[in-house]
Amino acid sequence: MAVATDIEKTDEQRAICEMVRQFTDEQILPNAEHYDSADEFPEPIVEQMKELGLFGVTIPEEYGGMGLDLTTYVMIVEELSRGWISISGIVNTHFIGSYLLMKFGSDEQKQKYLPRMASGEIRAAFSLSEPELGSDVQAIKTSARKGDDGRWEINGQKMWVTNGLLSSLVFVLVKTDPEAEPRHRGFTCFIAEKEPGVSENTGEYAGLTVPPKIKKLGYKGVESTELVFDGYRCPPENVLGGEEAGLNKGFAQMMDALEVGRANVAARGVGIAQRALELALRYSQERKAFGKPIAEHQAIQFKLADMATQVEAARLLTLRAARLKDAGERSDLEAGMAKLFASEAGRYCVEESFRIHGGYGYSKEYEIERLYRDAPLLLIGEGTSEIQRMVIGRKLLQRHKL
Ligand SMILES: Cc1cc2nc3c(=O)[nH]c(=O)nc-3n(C[C@H](O)[C@H](O)[C@H](O)COP(=O)(O)OP(=O)(O)OC[C@H]3O[C@@H](n4cnc5c(N)ncnc54)[C@H](O)[C@@H]3O)c2cc1C
């Protein structure tokens, strides 16, 4: 099937993107500096996002969502990330959780969670990483054992959980069959319920502690936490897909979700790169050196040209990966390429814009300083650039096997 590779939008996509751009210009950009410097959760912005339906973009209408495709979703993520990547981080793990439910959840699980997720009443986190592993997911140590009452007792420590404190649901990958070979056949995804905003869960959620949030270089406002499971008891109906269908199927489910997650991180790279370019275009025409605006020096124009080219290429790769997925075609290779290229383009454009700002780029008075601290996260989350290259290389050889 032919897949569009241009950046044309449908009328609906154009209208939604204009609405999100206006929201970003009026609500996110003027307030990001405050929430970033205070490292404070942007509650009023999130409340408005709930009203706009941004927590249910891809959730089907029958569950109260907008029922839109991945392509429209990545367009929205680009717009939000242009404002502040922490805002897209608040939506990102929630989006992955809803994808997991829509694709693998049982009917009961969909009925139970999706309507409240679509409205943003409850939000979701996604947890693979542990203190001793990130790239090497098969090294997971957190484990669950079935008790006499049929409940699964989870023990272990998770690391770097975005939205770890304020979420109500955590899609968490744990080891359920320690003897399984290969190891990934012994992993299960549980939907761990918790009380949002509470560090020491009690009652039916006892055994789950959220330590104080991790202090970070950038990506402020949205919390990243550890999660400590110590005798946390999960009912069997909270195995993703139900116990019969979902037990020991978690690794494949999570890897599938990472594919859409990668298109999503790519869109964040496009958004931050686009904003860095806008800031560079403005500053270079205002700042004068050697008797003329620095934009009139060819060396600066070349920087602008390279940045704009990177932004366009990153956007096209991202849309292509999303459109392939929407068309029901394989997109693992393309999502890996989009994530690799767009996250590196984000870092590149931010650094070039920073250089164009001269000394002022180093000052907190200028927005580029925040972007400079935020951009590196995109090189790490949802698989580092090295891991993307491993995925791309492996998939290339699979597709072109002699
Ligand atoms: C702010 C933030 C938010 C995050 N949010 C989440 C979240 O919500 N949920 C979640 O589960 N995780 C989350 N993560 C974790 C993230 O996914 C991991 O940090 C990432 O996958 C890298 O893992 P690691 O940090 O353990 O690095 P490691 O895996 O230890 O890698 C260290 C270095 O070695 C390289 N490397 C590793 N293996 C190879 C190899 N085979 N060949 C070549 N190079 C290799 C890596 O590329 C990297 O450069 C988050 C991380 C951050 C910083």
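So, helix H9: 18 of its 25 residues are buried, so the rest of the structure largely encloses this helix. Keep in mind that we're looking at a predicted model here. How far apart should the ends of H9 sit, at 1.5 Å a residue? H9 covers residues 332–356, so the expected span is 36 Å, and the end C-alpha atoms are indeed 36 Å apart, which agrees. Right after H9 you hit Gly358, and that glycine has a positive phi, about 55°.

Okay, on to the other helix I wanted to show, H7. That one runs over residues 250–286, 37 residues in total. From first C-alpha to last, H7 reaches 53 Å, close to the 54 Å you'd expect at 1.5 Å a residue. And is H7 mostly covered or mostly open? Mostly covered: 31 of the 37 residues are buried.

Now the strands. Let's take S3, residues 152–162, because it pairs with both S2 and S7. With S2, residues 143–146, the arrangement is antiparallel and there are four bridges. If you want to find that pairing on screen, click on Arg145, whose bridge partner in S3 is Glu153. S2 and S3 make a hairpin, with five residues between the two strands. Have a look at Gly150 in that turn: its phi is positive too, about 90°.

Then there's S7, residues 224–234. S3 and S7 also run antiparallel, and nine bridges join them. Which residue of S7 stands opposite Ile154? That's Tyr232.

Technical notes:
Residues are numbered from 1 along each chain as its sequence is written. This is a predicted model: local features need pLDDT of at least 70, side-chain atom pairs count only at pLDDT 80 or more; totals for chains, interfaces and linings use all residues. Side-chain values use heavy atoms; hydrogens and water are left out. The expected span of a helix is 1.5 Å times one less than its number of residues. Buried means under 20% relative accessible area, exposed over 50%, partly exposed in between (1.4 Å probe, protein chains only). Two strands pair if DSSP finds at least two bridges between them.
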